[in-house]
Amino acid sequence: MKVYCLILPLLLLASALSGCHHKDLIDEATPTGEQEIVFDWTEVPDANPSSMGAYLYGDNQEDVIRFMFSGRDGGPVKLPIDHYCGIAINTDNASWLRMRNHKDADRFELYTDGILSLPVSGYATRSVPQPGNLNESMVSPPQMIWATRTDDLTVESLTENKKLVFRMDEAVCHYTVDILEVKNIKSLDGSGVDGTLSGMAAGWHPGRKRASDTHATLPFILKADKAAGTFHAEFLTFGENPNHSYPHSLTVYLILKDGSKRYYTFDVADQITSAADPRHVHIVVRGLDLPDSVSGDGGLNPDVNDWEEEDIDISM
């Protein structure tokens, strides 16, 4: 029996937790020999996935062959003689990670689900204002993914044990946002606010080692340091779309102590597109004047859409 690569995240998680090194998913009539899959972490030595998956696309195989491993090292597998290209990813992110087009190594895509509400305020994403006329879907930021593609995997003998090596690397980008010199931050209700970043890639193609063509807005949490007058956030993304340049707007949604709601929009496209390291992007905004409003008992009403807009010119 061969595996049809329609992989559900829960099945991935179940396989990972079972501790099985692999599943024999090849026709019993096909001669196989024992080989060894090895995940090489030289480029990312601190990576610590609890389970890994390898997907092998053979020249003479009708379907994708999938192997699952607990831990990060790999292990023995049985394969027929063939030339393979392979995709490897960590599979311990089953609760949030989604996959599609698994049968095609070039179209294989990792992506995240859409979200219905902002993480801090709980406001419905369909009701909060978005900058411009993007009307982008709002999706969850990815968590850590390590992935790679290897084309030079050849099994020439069934009696000679061969190591099939996947050299792993990160498939996500690290983004940091700092908003400095925030005036009247004492007006803020709570210790955190919602932020969003538009125009980001909505997925990742491990077989192409690049972000997908689709774009979306990512929400994240900005933590307030009221003593320093700053907001800070760190989150992961799939990076920029490789073929298109979409507007990158940083939007901050604030709830003040008097119950009023404001959102501030910053154009941060230049900071993203000109980043020295596109895998590690640091967005910095200086100067945000909040109203001096400290009265009232606050309180949120997610059905009210009376947001007041503020467009801010960035001072870096």
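Start with the open sheet in this predicted model: four strands, paired antiparallel, in the order 6-7-13-14. Strand 6 (98-100) and strand 14 (210-211) sit at the edges with a single partner strand each, so one side of each has no neighbour in the sheet. Further in, strand 7 (residues 109-111) and strand 13 (residues 203-205) run antiparallel and are joined by two bridges. If you want a spot to click on, try Tyr111, which stands opposite Gly203 in strand 13.

Stay with Tyr111 for a moment, since its ring has company. Arg100 lies over the face of Tyr111, at 3.7 Å from the ring centre.

Now step into the loop between strand 6 and strand 7, where you'll find Asn101. The backbone does something worth a look here: phi of Asn101 is near 55°, a positive value in a residue that isn't glycine. Is Asn101 buried, partly exposed or exposed? Its relative accessible area is 27%, and because buried means under 20% and exposed means over 50%, Asn101 counts as partly exposed.

Glu181 also has a positive phi without being a glycine, with a value near 55°. Its setting is a strand, though: Glu181 lies in strand 11 (residues 173-183). With a relative accessible area of 47%, Glu181 is partly exposed.

On to the aromatics. How many aromatic pairs does a search of the whole structure find? Seven turn up. Take Phe39 and Phe69 as one of them: the ring centres are 5.6 Å apart and the planes meet at 80°, and since planes over 60 degrees apart count as edge-to-face, that is what this pair is. Phe39 belongs to strand 1 (residues 33-40) and Phe69 to strand 3 (residues 65-70), so the contact ties together parts that are 30 residues apart in sequence. Both ends are tucked away from the surface: Phe39 is buried at a relative accessible area of 5%, and Phe69 is buried at 0%.

Phe39 has a second ring partner, Phe166, in a tilted pair with 5.9 Å from centre to centre and 40° between the planes. Phe166 sits in strand 9 (residues 163-167) while Phe39 is in strand 1, so here the parts tied together are 127 residues apart in sequence. Phe166 is buried, just as Phe39 is. Put the two pairs together and you get a cluster in which ring pairs link Phe39, Phe69 and Phe166.

Terms used
Residues are numbered from 1 along each chain as its sequence is written. This is a predicted model: local features need pLDDT of at least 70, side-chain atom pairs count only at pLDDT 80 or more; totals for chains, interfaces and linings use all residues. Side-chain values use heavy atoms; hydrogens and water are left out. Rings of Phe, Tyr and Trp (its six-membered ring) pair if their centres lie within 6.5 Å; planes under 30 degrees apart count as stacked, over 60 as edge-to-face and the rest as tilted. Buried means under 20% relative accessible area, exposed over 50%, partly exposed in between (1.4 Å probe, protein chains only). A charge sits over a ring if NZ of Lys or CZ of Arg is within 6 Å of the ring centre and within 35 degrees of the ring normal. Two strands pair if DSSP finds at least two bridges between them.
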